[in-house]
Amino acid sequence: MTNRGTEIWWASATDAADRLLTLLPAAERDRHRAFVRQSDRDLYLTAHALTRLLVGDRLGVAPDQIVFDRTCHCGADHGKPRLPGTGLETSLSHSGKRVAVALAPEPVGVDVERVDRSIDIGSLSSVALSEAEQRVLDALPADRRPQAFFTYWCRKEALLKATGDGLSAGLHSLTVSSPATKPELLTWSMTDRPAPTVSFADLQPDALHLGCVAVITGTPVEITEHDGSALLKSR
C-alpha cells in the first residue's frame with residue numbers, strides 16, 4: 001500500500017442515501033436503524049460509509065467485509081477501531097452537518113465541531129479545560145470565547161482519539177497551546193504512560209465548523225484535504 005501521508009476527507013450529512021447502506025456490514029446497518037433522529041442516522045451513514053469506502057479502496061477489500069479491531073486499553077471491545085497489520089490508521093468525526101474521515105500511516109485522530117455560540121461555554125470549559133487553558137479563555141473578550149473554546153476542544157479530542165483513550169480519559173487530563181498559537185501538547189497528566197509525541201494541524205472546513213487532526217509521530221505531517229461528498233455521490 002502506498003503511503004499517501006495524512007488525508008482528511010470531508011463530507012456532509014446531506015450525502016446520506018439508502019444505496020450507501022450496502023457498504024455497511026449487518027451490525028452497522030442495525031446501529032443505523034436504531035437511531036431515533038433522522039439527522040443522527042444521516043451522519044452515521046455518511047461517516048461510516050465514507051470510512052469503509054476509503055479503507056476498502058486502500059486495502060483492496062469490499063467495504064462491508066472490512067473487520068476493525070476495537071480492543072480497548074482495558075481489554076474490552078469498545079476501543080478505537082484499528083486495522084492491525086495493514087499500515088493504515090483511521091479516525092472519523094461528525095458535528096452539525098459536517099463529517100470528517102482521516103487516514104494516515106501512523107495513529108491518527110480527527111475531530112470536527114460546529115461552533116455553537118448559544119451554549120453555556122462556562123459549564124463546558126469547567127470539565128474540558130485545564131487551569132492554564134481556562135485562564136487564557138477567561139482573558140479573551142466574550143465574543144471570541146466560543147471560537148477559542150472549540151479550538152481547544154478539537155485539539156484535545158483529536159489527540160485522545162489518536163492515542164485511543166477517547167473522551168473517557170477526560171479532556172482536562174492534558175493541556176494544549178492557546179488557540180492563537182500553533183497547536184502543541186504542553187502537559188500530559190496520565191501517569192500510566194509518558195506523553196505521546198504528536199503533530200497537529202488545525203482545520204476549518206467552513207465558516208461554521210472547526211477541526212483538528214492529531215498524528216502520533218515525531219516528524220511533521222503533510223495534510224491533504226479531499227472531497228468525500230463527490231466520492232460518495234459517485235457510488
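This section describes the packing of helix 3 against helix 5, the environment of K156, and the position of G87 in a predicted model.

Helix 3, spanning residues 121-128, packs against helix 5, spanning residues 145-163, with an interaxial angle of about 30°. The axes of helix 3 and helix 5 are 11 Å apart. Because angles under 35 degrees count as roughly parallel, helix 3 and helix 5 are classed as roughly parallel to each other. The crossing of helix 3 with helix 5 is left-handed. On the helix 3 side, the contact is formed by I121, L124, S125 and A128, which meet P146, F149, F150, W153 and K156 of helix 5. By residue class, this contact of helix 3 with helix 5 comprises seven nonpolar residues, one polar residue and one charged residue.

K156, located in helix 5, has a relative accessible area of 0% and is therefore buried. A polar atom of the K156 side chain lies 3.0 Å from the backbone oxygen of L174. When residues up to four places away in sequence are not counted, K156 touches A128, L129, S130 and E133, together with L171, H172, L174 and V176. Among these residues, L174 thus provides the backbone oxygen described above, and A128 belongs to the helix 3 residues that meet helix 5.

G87 occupies the loop between helix 2 (38-59) and strand 2 (89-95). With a relative accessible area of 45%, G87 is partly exposed. Along the chain, G87 and E28 are 59 residues apart, and their C-alpha atoms are separated by 24 Å.

How values were computed
Residues numbered from 1 in each chain as written. Predicted model: local features only at pLDDT ≥ 70, side-chain atom pairs only at ≥ 80, totals over all residues. Heavy atoms only, no water. Axes fitted to C-alpha atoms, helices over the stretch in contact; angles between N-to-C directions. Helix = DSSP H or I, 4+ residues; strand = E, 2+ residues; numbered from the N terminus. Parallel < 35°, antiparallel > 145°, perpendicular 65-115°, else oblique. Left-handed = near helix turned anticlockwise from the far one by under 90°. Contact = heavy atoms within 4.5 Å. Nonpolar A, V, L, I, M, F, W, Y, C, P; charged D, E, K, R; others polar. Buried < 20%, exposed > 50% of the residue type's maximum accessible area, 1.4 Å probe, protein only. Polar contact = N/O pair within 3.5 Å; in protein donor to acceptor, adjacent residues only side chain to side chain.
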